[in-house]
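Visitor: I have a fold in front of me and want to learn how to read it. Where do I begin?

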Amino acid sequence: MFNRTSISGLQRIAVGLVLASGLLVRPASAASSQITTLVIVRHAEKATDDPRDPTLSPAGQERAQDLAQALDGAGISAVYVTEFKRTRLTAEPTAQHFGLTIEARPRGEMQPDAYAADQVPKILKKNAGKVVLIIGHSDTVPAMVKALTGKTVAPIDETEFDRLYIVEVPKSGPARLIAARYGRH
């Protein structure tokens, strides 16, 4: 028989992802309050309306809704994006669902590793023990994961929008990582 108390919060999230067909469920417990969980995704599919700062395509709008649905039970308490429309538009359904204000963390001209090194400590300090959604880009998402875990994940292709990383950062000890996919495409 499956014993819920014998597995970590990260494992419960993974089991929830598998058993609930993409639904992320964060258990509430005293132990989980000592853990900061970061859900990190790339923005959804972009439109071709503006080469520098595009909005989302219809497929991207659908993916943004899929993300909100996948995170329904996750207890998201903060949402971070870069300064671009595509990250904000990807975040909006989730932020609205949880009644949150989206916080933009501009990247400017920073290289991905420098951006991650700058943002990760600030986000962890401000959100200790909470669940946070970070929406970035094909280069910043792997950099964020590496800054949090020390692990290098595969590069994200320009046509790939469905990766979802869950990083669980305990008060002490190494971070744990789950790589998953979400959405209907």
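Guide: Begin with pairing. Two strands pair if DSSP finds at least two bridges between them. Keep in mind that this is a predicted model.

Visitor: In what order do the strands of the open sheet lie?

Guide: The order is β3-β2-β4-β1-β5-β6. That makes an open sheet of 6 strands, with mixed pairing. β3 (102-104) and β6 (176-181) are the edge strands, each pairing on one side only. On average, neighbouring strands are turned by 20° against each other, direction ignored.

Visitor: In which sense do β2 and β4 pair?

Guide: Parallel, over 4 bridges. For one position to look at, take A78: its bridge partner in β4 is V132.

Visitor: How do the elements run from the N terminus on?

Guide: Read them as α-β-α-β-α-β-α-β-α-β-β. The protein has 5 helices and 6 strands. One helix to place against the sheet is α3 (residues 85-98). Helix α3 lies across β1 (35-42), β2, β3 and β4. Its direction is at about 165° to β2.

Visitor: How do I read burial?

Guide: Use relative accessible area: a residue under 20% counts as buried. Of the 185 residues in the protein, 50% are buried.

Visitor: Why is α5 largely enclosed by the rest of the structure?

Guide: Count its residues. In α5, 8 of the 10 residues are buried, so the helix is largely enclosed by the rest of the structure. The buried ones are T140, V141, P142, A143, M144, V145, L148 and T149. Their cover includes β1, α4, β4, β5 (163-170) and β6. Just after α5 comes G150, with a positive phi of about 80°.

Visitor: And empty space inside? How many cavities of 30 Å³ or more are there?

Guide: A cavity is space where a 1.4 Å probe fits but cannot get out. Here the count is 1 cavity of 30 Å³ or more. The largest cavity holds about 80 Å³ of space. It is lined by 14 residues, and the closest to its centre are Y115, I134, I135, G136 and M144. Four elements each give two or more residues to the lining: β2 (76-81), α4 (112-126), β4 (131-136) and α5 (140-149).

Visitor: What is the lining made of, by residue class?

Guide: It divides into 9 nonpolar, 4 polar and 1 charged. Note M144: it is one of the buried residues of α5, and it is also among the residues closest to the cavity centre.

Visitor: One last number. How far apart in sequence are the contacting residues?

Guide: Take contacts between residues at least 6 apart in sequence. Of these, 65% join residues at least 24 apart.

Note on methods:
Residues numbered from 1 in each chain as written. Predicted model: local features only at pLDDT ≥ 70, side-chain atom pairs only at ≥ 80, totals over all residues. Heavy atoms only, no water. 1 Å grid on protein atoms, 1.4 Å probe; cavity = no way out; pocket = protein on both sides within 12 Å on 5 of 7 lines; lining within 4 Å. Points joined across faces, edges and corners; volume = space filled by probe spheres on them. Nonpolar A, V, L, I, M, F, W, Y, C, P; charged D, E, K, R; others polar. Axes fitted to C-alpha atoms, helices over the stretch in contact; angles between N-to-C directions. Contact = heavy atoms within 4.5 Å. Buried < 20%, exposed > 50% of the residue type's maximum accessible area, 1.4 Å probe, protein only.
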